[in-house]
Structures are given as structure tokens and as C-alpha cells.
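Me: I have a model open in front of me and I'd like to learn how to read it. Can you walk me through the features one at a time?

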Amino acid sequence: MTDTSGFLTEEDRRFLRGEKEYTGEYASQNRYQRRKAIAERARKAFADFALLHEHLDRAERNRIFDVG
């Protein structure tokens, strides 16, 4: 797996870090849409994690959820 894998796109990451700015006539709308898309994918990712936690066997869950 690479650093670019995950539910956030590289553009999402740049936006969240303040490296990507939206300017121009539609800047406010573009920022709103970016935040909305991130929130929607985050909700779906949390639901996927819950499904993984519920249906994987203990060893598989531990590989994913026991970080440290």
C-alpha cells in the first residue's frame, strides 16, 4: 500500500493541509463541494470499518485495528 491509498484523494489532502486554495468566482462553492465530498466518503469509510470489525476473524481484525 502506498501513501496515496485511502479514502482521501491527493487533492483532498492538499486542501486539508492548506496547500490547495480555490480562487475565483466559484471558490466558495468549490470549497463547500470539497468539504462535502470528504465528509460523505468519511461516513462511508467509517461504515466500512464497522463492517470489517464485525465480520473479520480476530486475527484479521487485530492486523487492522490493533495499531501500536
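Reply: Happy to. Keep in mind that this is a predicted model. Start with the secondary structure: the protein has three helices and zero strands. Read from the N terminus, the order of elements is α-α-α.

Me: What does the radius of gyration say about the overall form of the protein?

Reply: The idea is to compare the value with what a globule rule gives for the chain length. Here the radius of gyration is 16 Å, well over the 11 Å that the rule gives for 68 residues, so the protein is more spread out than a compact globule. You can also look at the C-alpha trace, which spans about 50 × 20 × 15 Å along its principal axes.

Me: How many of the 68 residues count as buried, as a percentage?

Reply: For that you look at relative accessible area, and under 20% is called buried. In this protein 13% of the 68 residues make that cut. The accessible surface adds up to about 5800 Å², and carbon and sulfur atoms own 52% of that surface.

Me: And what share of the contacts joins residues 24 or more positions apart?

Reply: Take the contacts with a separation of 6 or more: 26% of them are between residues 24 or more positions apart.

Me: Let's do side chains. How many salt bridges does a search of the whole structure find?

Reply: Seven. A salt bridge here needs a side-chain nitrogen of Lys or Arg within 4 Å of a carboxyl oxygen of Asp or Glu. Take E10 as a worked case. E10 pairs with R13, with the closest N and O atoms 3.6 Å apart, and E10 also pairs with R17, at 3.3 Å.

Me: Why are E10 and R13 separated by about one helical turn?

Reply: Because they sit three residues apart in helix α1, which covers residues 10-16. Their exposure is worth a look too. E10 is partly exposed at 38% relative accessibility, whereas R13 is buried at 15%. R17 comes out as partly exposed, at 48%.

Me: Which parts of the chain does the salt bridge between R41 and D12 tie together?

Reply: First the geometry: the R41 and D12 side chains meet at 2.6 Å, N to O. R41 belongs to helix α2 and D12 to helix α1, so this pair ties together parts that are 29 residues apart in sequence. D12 is buried, with 0% relative accessibility, while R41 is partly exposed at 24%. The two also belong to a network of salt bridges that links E11, D12, K20, R34 and R41.

Me: Now the rings. How do I read an aromatic pair?

Reply: A pair of rings is described by two things, the distance between the centres and the angle between the planes. The whole structure holds two such pairs. One of them is F15 with Y22, a tilted pair with 5.7 Å from centre to centre and 55° between the planes. Both F15 and Y22 are buried.

Me: Why is the pair of F49 and F65 called edge-to-face?

Reply: Planes over 60 degrees apart count as edge-to-face. The F49 and F65 planes stand at 70°, with the ring centres 6.0 Å apart, so the pair gets that label. This pair links distant parts of the chain: F49 is in helix α2 and F65 in helix α3, 16 residues apart. F49 is partly exposed at 40% relative accessible area, and F65 is partly exposed as well, at 31%.

Me: Last one, the surface. Which residues form the nonpolar patch?

Reply: F46, F49, L52, I64 and F65 form it, and together they have about 450 Å² of accessible area. To see where the patch comes from, go by element: α2 (27-55) and α3 (58-65) each give two or more residues, and α2 gives the most, with three.

Me: Is F46, a member of the patch, buried or exposed?

Reply: Exposed: over 50% is the cut-off, and F46 has a relative accessible area of 60%. You'll find F46 in helix α2. While you're there, pick out F49 and F65 again, since the edge-to-face pair is made of two patch members.

Notes:
Residues are numbered from 1 along each chain as its sequence is written. This is a predicted model: local features need pLDDT of at least 70, side-chain atom pairs count only at pLDDT 80 or more; totals for chains, interfaces and linings use all residues. Side-chain values use heavy atoms; hydrogens and water are left out. Patches are made of residues with over 30% relative accessible area and no salt bridge: like charges are joined within 9 Å, nonpolar side chains (Val, Leu, Ile, Met, Phe, Trp, Tyr) within 5 Å. Accessible areas come from the Shrake-Rupley method with a 1.4 Å probe; for residues, only the protein chains shown count as cover. Helices (H or I, at least four residues) and strands (E, at least two) are DSSP runs, numbered from the N terminus. Buried means under 20% relative accessible area, exposed over 50%, partly exposed in between (1.4 Å probe, protein chains only). The radius of gyration is taken over C-alpha atoms; the globule rule is 2.2 Å times the number of residues to the power 0.38. Contact means heavy atoms within 4.5 Å. Rings of Phe, Tyr and Trp (its six-membered ring) pair if their centres lie within 6.5 Å; planes under 30 degrees apart count as stacked, over 60 as edge-to-face and the rest as tilted.
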